[in-house]
Each structure stands twice: as structure tokens, then as C-alpha cells.
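Here is a short tour of one protein model, written for someone new to structures. Have the picture open while you read.

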Amino acid sequence: MTDPAKDVMTLSRPKTNTMKSKRVRPYTLTGGRTRTRHHLLVETLISVPEFDPVLADSLMPESRALYTRACQRMSIAELSATLTLPLGVVRVLISDLAGQNAVFIHPTAYAYQNNPQVLERILDGLKQLPV
Amino acid sequence: MASSSSLSDSGLLTISAKIVVAGGFGVGKTTLVNSVSEVAPLNTDAWMTEASEGVDDLPPGGKKSTTTVAMDFGRITLHSDLLLYLFGTPGQSRFWFLWDDLSRGALGAVVLIDTNRIDQSFAAVNYFEHDSVLPFVVAVNRFEGRFAHDLDEVREALALADDVPLIECDARDRASSVGVLQSVVTHSLSLSRISAPG
């Protein structure tokens, strides 16, 4: 199975030749930061409203992989699992991308305080599932 | 730019919600999640990286531990703009730090029980009764159609409060598993109506 995002990650990039080792301790990528400006739950969906190849080229490999992968709307948990990046790292890098308006952070039911209208829609959806 | 026009063009702005599936080892969490999920299970090793670092790098035996616990993960598209995610909580205590992360923001939880190994789920019941604000229901999984105890006995054995819904299910059966999820949402709804201001 080909994995385009993995290809992107392993491309050698002359501009970032300071990163010689492929193995980087996860929080080196985030400059040691573990907190984010955005509230990102494991189920929070991320998408890319408009893919910008120039921006993609300017990103660190991990951020670029996230940016590319999020073109298919995906949750934080799925981004972490499919790119084998720790949840905490995904959160920090996605938060940075959101700060650049590169990615869109979708609202969660929790953002609506799991309000009754949202819960009703969820219950309604479950009742309509084919079983 | 996150322009609203391009978002609506691709039919975006999707709300995601989450239900936590808890319970001890071998009580049927994986079975329940897989019976309703529309996606294949994920390799969730990366979620555990924080735990692995420093703690699990080299176990005392010297043998590199590459065995991690696959965590249950499922997704159900309820409407074109509404997704429900299912997250199983890890059974092993060394991954309990993940419980808070996985359950934060969830609309509710289900604790699965196998009456043949009821002790396996004590920790999960305890967590949701005392260490979490999430609404939760307890579901007794009928293995192979057997159901050895009646629900009152189970409630007593778990010392479960009267206001916690206790139901039966067959985790292998999709309709039954969907029913469990409906019970969680119904319970959350009833609590949200009670606590709703005004």
C-alpha cells in the first residue's frame, strides 16, 4: 500500500539539513511545548480548506505530513495513528497550522456543551442506522 | 485562508462527538466497537508514546517491549455533518493516564461487564463513579447467549448507584451494540435536561 504522506515525510529536503537524524524526540518538534492555544480533543476534526503547495513546501516534514493528510478531513486521533506521531505532538503542530489559518478546526459536540439539540441529533442518527 | 465559502463548497463544518467504551480485559469492548464501527481498527501505538518514553523504553528484563495494547477505536457517520467516535479505554493500569485524555469532552461512557469476570470492570466503574463527570451506563455483555446473573445481583455486586442505568447487551450483535450507544445518549440527554438552566 502506498502512503503519500509517508513519502512526503521521507523526502530529503536541503533546506532543513539541520535535521540530520530521522529519529527526533517527539517534543523537539514542538520546541518542548506541550500546550496548545486551541482546544483539541482526540475526536476533533481537522480539514484543509484550501491546499497551498507553497505553504506545504515551507513546513517541517511532520507539519507537512499533517497538512497533507488533513486534506481528507480527519480527527486528531486518526492523524496521530496514521502518521505515528504522538497525540501531544499532533496537537501542538495542528494548533500552529491553525494559527496560520492553514487548517480548519471543526467544532465538537463538547464545544456545544453536549447540548440537548446536538444529543437529540446523535440519538436520531443512531436510531436511523441500518442494523 | 479558512474562508467560509470554500468550507461550504466542500460541505464541511462537521461536528464530532465521542462515547467512551470502558471495562476490563476480555469483557467485549473490541467486539462492541467493531460491531458498529464503519472503519477498520487503527494501530494506536502512537497514542501511547508519552507513556512509552522513559517508562517502557527498556523493561527490567532487557527485552525491548514492542507489545503495546491496541486501543479500540471506531467511527460512525450519523449525518453528513455529524460523526460519532468510539474510544475504548485501555485496560492496563499503566495506560490510565490516557483515560482522562480519551474521555475528556465525551458525551458519555459505557462500562461493559462480563459477569464471569466482573472484577475486571471494577476499576472502570470506580473511575466513572468517582473520578469523572461523564454520564455513564453499565452494560452486561451476554456471552454466548448466557446470562448467569440477574441485573439486580450485578448492581449489588458492583455497588452501583440506583441512578446509573444498567442494561444487557450482546456485543457481537450490531443492533444490540447500537442499542447500548442509544442508552448512553438517552442517559446523557436526561441528565442535560435536568441540569439545563431555566
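## Two loops, one helix, one sheet

A:Thr84 is exposed, with a relative accessible area of 55%; exposed means over 50%, buried means under 20%, and partly exposed is in between (1.4 Å probe, protein chains only). Before going on, a word on the source: this is a predicted model, where local features need pLDDT of at least 70, side-chain atom pairs count only at pLDDT 80 or more, and totals for chains, interfaces and linings use all residues. Residues are numbered from 1 along each chain as its sequence is written, chains are lettered from A and ligands numbered from 1 in the order in which they are written, and side-chain values use heavy atoms, with hydrogens and water left out.

Back to A:Thr84: its phi is positive, about 45°, although it is not a glycine. Chain B has a residue to put beside it, B:Ala159, which is not a glycine either and has a positive phi near 50°. Helices (H or I, at least four residues) and strands (E, at least two) are DSSP runs, numbered from the N terminus.

| Residue | Phi | Relative accessible area | Loop between |
|---|---|---|---|
| A:Thr84 | about 45° | 55% | helix H4 (76-83) and helix H5 (87-99) of chain A |
| B:Ala159 | near 50° | 60% | helix H6 (151-158) and strand E6 (166-169) of chain B |

Now for helix H6 (residues 116-127) of chain A. What sits at its N-terminal end? A:Asn115 caps H6(A) there, with a side-chain oxygen 2.9 Å from the backbone nitrogen of A:Gln117.

Which residues of H6(A) are buried? They are A:Val118, A:Leu119, A:Ile122, A:Leu123, A:Gly125 and A:Leu126. These cover an arc of only 160° around the axis (taken from the directions from the helix axis to the C-beta atoms), so they lie on the same side of H6(A). That fits a general rule: an α-helix has 3.6 residues a turn, so residues three or four places apart point the same way. On the other side of H6(A), A:Gln117 and A:Lys127 are exposed.

Finally, the sheet. Chain A has an open sheet of three strands in the order E2-E1-E3, with antiparallel pairing; two strands pair if DSSP finds at least two bridges between them. Its edge strands, E2 (74-75) and E3 (104-105), each pair on one side only. Strand E1 (residues 45-47) and E2(A) are joined in the antiparallel sense over two bridges, and A:Ile46 has A:Met74 of E2(A) as its bridge partner.

Note on methods: A polar contact is a pair of N or O atoms within 3.5 Å; within protein, one must be able to donate a hydrogen and the other to accept it, and residues adjacent in sequence count only if both atoms are side-chain atoms.
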